[in-house]
Amino acid sequence: MRPGRQTFRLAALLLLLLLIFLLDVATGSARIPFKDVCRVLLSMRIDNSTWQYIMVNIRIPKAITAVLAGCGLSVSGLQMQTLFRNPLAGPDVLGITAGASLGVAAVMLAGGSIVTMYTIKELGIAGSWLVIAAACLGAACILMLVVAIAGRIKDNVVMLIVGVMIGTITLSLISIWQYFSSSDLVKDYLLWTFGSLGGVSGSQLLVFTLAVFAGLLISFFSSKMLDALLLGENYARSMGLSARRARIIIICSTSLLAGSITAFCGPIGFIGIAVPHLARSLFNTSSHRILIPGCCLIGTLLMLLCDMIAQWPGSQNVLPINIITALIGAPVVIGVILRRNYRRVYS
Amino acid sequence: MNNQTLLLRARALRVGYSSTVVAGPLDVDLFEGRLICLLGPNGSGKSTLLRTLAGLQPPLGGKLEIDGATAARLSPPELARKISLVLTDPVRNSNLTAKALVSLGRYPYSGWLGTLGEADLTVIEWAMKAAGVSSFQQRKLITLSDGESQKVMLARALAQDTPLMMLDEPTAHLDLPSRIQLMQLLHQLVRRTRKGILVSTHELDLALQVADEIWLLRDKGGFDRGAPEDLVLTGVFGEAFYKEGIRFDTSSGTFHIDQEQGPRVRLIARGAPAAAAAFWTKRALGRYGFTVVEGKETTEETVHSITVTPGAGGEIRAEAGEIAGAGSMCWTWEYPGVSRSFPNIAGLLDAMGQNFPAAMPK
């Protein structure tokens, strides 16, 4: 595809994204007139202080969280698919989010009765960093384990199964921990595992934004490396890439993204594995310079859509975000496996 | 050869994995403008040697110099500007176009985001033209045949613009015309670009045709190098590939299945036009276990003789009521008291089979 058309599609997606963002903050259980929504977004005061509060403290932070989570998960998925040269890789399927969960569980459950997710959030910046650090560490540990194992496995589907097993083992460890924890803590933890884009606000949002931006920045700067890794490690090395350094950088960026998002939004599935495929088919390229921004846009769009579906306009209930992403993402994964040229290309 | 640049120099080089030495110690030099074929039976360490020379794995001992510098001191980007590779690793990305893949060859020269300049684009275009893949720039890798995608990989290595190029079994999985084409392409590239090219391959006969020099790895770490013809004449070549029941025939440069010594037959070709027919007759007789003695001069006594005569085929063919035949040749089989003529080899073999039931298949 010519660069001109790629730029056009990126611009079109960006426009669509702005529209969806607007729609997302305009809809919810409380009816707020569209005019007032726009006024708040343009940081003008409105008369109704309840609406003002809902907009500033709930809807806008939630939409920003959706944007960050969408970007981060998709890009981490793209990086993993390139690093493992496996179209079925993603932060959730290879157990990376499970690793992050282990980190979060360690903070939540080991903290005892005083430290719950609620109190951590109350702790402000220090607590946010603590959860993020624990989640990223958990994610990085599992990712390094998966990298070590992936070197010995050539078959992509087998690698997927191994990843799922690693995730299961990690979740079992958490279950053992839960078994010996008080019911309040367990309930708190379980609610977190459903996934939620709400509840990240104020100083946490700042920390969250910083972490995701750092991850995205590292990833964008490593797009040349990722391009070379498309040919496999030996070719990449023959072209002057230091394989060890590349692997460390990609692991850092992926753990930072998947870890911080899991810490704040819970283990959100399927976005990471599905979006890179959508980006590849939409932009018809393998160049990461295009694919990374493309993944950001599509991931964000999908996340905002999922969020809107989760809080279906007029409904008083908000469905857990994980249910919606699975309903949308799982068919994409099945599609990838069933694709006609799958056997020829990947096995 | 002394005015040529020495691109690679190894002394007492030992290659292998951790504590297992697969090959060596060996001394090799690689000059510019030379095509070198690395041959050896399976498991003799061809790939290990090639990977070591290419810097993908460290040597277990000895000295390795690339373009005058100690290989271990070269940083990955420096090495990437000296050696380009075509490996056996499959490149399985579905979205990569041929041109995008070739462009990756400019990796060592491009900016931090991989942006390509005017000069890079010129090199890419040249590389695709030289490898004969200009016509499928925008085609996806998955739509290419094995032969085509191997040429694209070659174009990528060319785009890397290095004095040295190494290819690990580039002709594996290719059909026969593609194999010949690829080796021919390498042969021309060496002449045109003055690169030093090292190819590991199983194509013994092709290697004998195109290589300027052959490096021969043998089982148990033996190593020989030299002009292909020298290696054949000194018997080193046949010895390296010796297997039970297989013999390298130095007179024809091909491998033969060893047969038990069967009935002796004298083969005579009448004039130059019959030479080709005689050659194939010898092969046919050899297949059925006859021991062929060539020429009239030999003093060896044989009871049976076969004479290939050009031009007489038409008559006999008409006589035998046959149309199908091998050109206008005539095969005459003689032994005391009998002389029979045949229009083709099949007829000859048929008749001989009746007299030598032991030699012929039932």
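Biologist: How many salt bridges does a search of the whole structure find over all chains?

Modeller: In this predicted model, the search returns 13 salt bridges over all chains.

Biologist: What makes the contact between E213(B) and R34(B) a salt bridge?

Modeller: The criterion is a Lys or Arg side-chain nitrogen within 4 Å of an Asp or Glu carboxyl oxygen. For E213(B) and R34(B) the N to O distance is 3.1 Å, so the pair satisfies the cut-off of 4 Å. The two residues belong to distant parts of the chain, 179 residues apart. E213(B) is in strand 9 (residues 213-217) of chain B, and R34(B) is in the loop between strand 2 (20-31) and strand 3 (35-39) of chain B.

Biologist: Why is E213(B) called buried?

Modeller: Buried means under 20% relative accessible area. E213(B) has a relative accessibility of 8%, and therefore counts as buried. Its partner R34(B), with a relative accessible area of 16%, is buried because this value also lies under 20%.

Biologist: Which residues are linked with E213(B) in a network of salt bridges?

Modeller: The network links E213(B) with R34(B) and R225(B).

Biologist: How do you know that K82(B) forms a salt bridge with D67(B)?

Modeller: Their closest N and O atoms are 3.4 Å apart, which is within the 4 Å limit and therefore qualifies. K82(B) lies in the loop between helix 2 (76-80) and strand 6 (83-86) of chain B, and D67(B) in the loop between strand 4 (61-66) and strand 5 (69-70) of chain B, so the pair ties together parts 15 residues apart in sequence. D67(B) has a relative accessibility of 33%, and so counts as partly exposed, because values between 20% and 50% fall in that class.

Biologist: What places R191(B) and D212(B) in different accessibility classes?

Modeller: R191(B) has a relative accessible area of 42% and is therefore partly exposed, whereas D212(B), at 19%, is buried because the value is under 20%. These residues form a salt bridge, with the closest N and O atoms 2.9 Å apart. R191(B) is in helix 6 (residues 176-193) of chain B, and D212(B) is in the loop between helix 7 (204-210) and strand 9 of chain B, 21 residues away.

Biologist: Why is helix 1 of chain B called mostly covered?

Modeller: Six of the eight residues in helix 1 (residues 46-53) of chain B are buried, that is, under 20% relative accessible area. Among them are L49(B), L50(B) and L53(B). Helix 1 of chain B is followed by G55(B), whose phi is positive, near 85°.

Biologist: How do you know that strand 13 of chain B pairs with strand 14 of chain B?

Modeller: Pairing requires at least two bridges. Strand 13 (residues 264-269) and strand 14 (residues 291-294) of chain B have four, in the parallel sense, so the requirement is met. L267(B) stands opposite E294(B) in strand 14 of chain B. Between the two strands the chain passes through helix 10 (residues 275-287) of chain B, in a right-handed β-α-β crossover. Strand 13 of chain B also runs parallel to strand 15 (residues 304-310) of chain B, with five bridges, and L267(B) stands opposite I306(B) there.

Biologist: Which element of chain A has the lowest mean pLDDT?

Modeller: Helix 16 (residues 342-346) of chain A has the lowest, at 46, while helix 14 (residues 288-310) of chain A has the highest, at 93. Over residues 342-347 of chain A the pLDDT is below 50, and this stretch has 17 contacts beyond near neighbours in sequence. Chain A averages a pLDDT of 84, with 91% of the residues scoring at least 70.

How values were computed: Residues numbered from 1 in each chain as written. Chains lettered and ligands numbered in written order. Predicted model: local features only at pLDDT ≥ 70, side-chain atom pairs only at ≥ 80, totals over all residues. Heavy atoms only, no water. Buried < 20%, exposed > 50% of the residue type's maximum accessible area, 1.4 Å probe, protein only. pLDDT = per-residue confidence, 0-100. Contact = heavy atoms within 4.5 Å. Right-handed = clockwise from strand over helix to strand, strands pointing away.
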